[in-house]
Amino acid sequence: MEQTVNPDNAPLAAQLRQLSESAAELAAQADVAGGVAHGQPFLIMGLTVFILACFVGYHVVWRVTPALHSPLMGLTNAISSVIVVGAVIALGAAEASGFSKVLAFLAVALASVNIFGGFIITRRMLHMFKKKG
């Protein structure tokens with residue numbers, strides 16, 4: 001299917017073509033940079049995000065009232081189950097390297113501990129609300 005450009009829109013089409021070529025060049029340059037964003041290696045940026053997430057998560061969970069503990073644990077178990085599914089998919093990838101398989105295995109192991117521990121703690125919390133006798 002051949003596309004024709006209206007003569008009135010020819011300058012706009014030329015600008016669009018130039019912008020798309022510039023975007024392709026920038027994408028190629030970013031790909032060549034090898035995971036460097038704003039001059040920082042991915043490892044440093046990833047560790048920074050991880051440490052900040054740990055601090056924020058700790059302070060958010062620390063202020064949860066006991067009445068909200070069971071729903072929060074249920075949500076945590078659901079998030080951990082998504083982590084397990086993603087890690088299993090990563091383990092099954094044909095092009096996965098040995099390092100990524102080790103990380104996926106660790107993700108499955110740690111998320112599983114979180115899931116089972118969450119169920120045990122939730123069960124104990126629910127037993128606290130049962131009537132004795």
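Tutor: Let's start with a yardstick: a residue is buried when its relative accessible area is under 20%, exposed when it is over 50%, and partly exposed in between (1.4 Å probe, protein chains only). The model here is a predicted one, where local features need pLDDT of at least 70, side-chain atom pairs count only at pLDDT 80 or more, and totals for chains, interfaces and linings use all residues. Residues are numbered from 1 along each chain as its sequence is written, and side-chain values use heavy atoms, leaving out hydrogens and water.

Student: Why is Ser80 called buried?

Tutor: Ser80 has a relative accessible area of 4%. That value lies under the 20% limit, so Ser80 is buried. Ser80 is found in helix H3 (helices, H or I with at least four residues, and strands, E with at least two, are DSSP runs numbered from the N terminus).

Student: Which residues is Ser80 in contact with, leaving aside its neighbours within four places in sequence?

Tutor: They are Ala111, Asn114 and Ile115, where contact means heavy atoms within 4.5 Å.

Student: What makes Leu106 partly exposed?

Tutor: Leu106, a residue of helix H4, has 42% relative accessibility. Because 42% falls between 20% and 50%, Leu106 counts as partly exposed.

Student: What makes up the nonpolar patch on the surface?

Tutor: Leu106 belongs to it, together with Leu91, Phe99, Val102, Leu103, Phe105 and Leu110. Patch residues have over 30% relative accessible area and no salt bridge (a side-chain nitrogen of Lys or Arg within 4 Å of a carboxyl oxygen of Asp or Glu); like charges are joined within 9 Å, nonpolar side chains (Val, Leu, Ile, Met, Phe, Trp, Tyr) within 5 Å. At 42%, Leu106 is over the 30% mark. Helix H4 (residues 98-128) gives the largest share of the patch, six residues. Together the patch residues have about 710 Å² of accessible area, by the Shrake-Rupley method with a 1.4 Å probe, where for residues only the protein chains shown count as cover.

Student: What does the whole chain look like in terms of helices and strands?

Tutor: The chain has four helices and zero strands, and its elements run α-α-α-α from the N terminus on. Of its 133 residues, 10% are buried. The chain exposes about 11,200 Å², with 72% supplied by carbon and sulfur atoms.

Student: How many of the contacts with a separation of 6 or more join residues 24 or more positions apart?

Tutor: Such residues account for 59% of those contacts.
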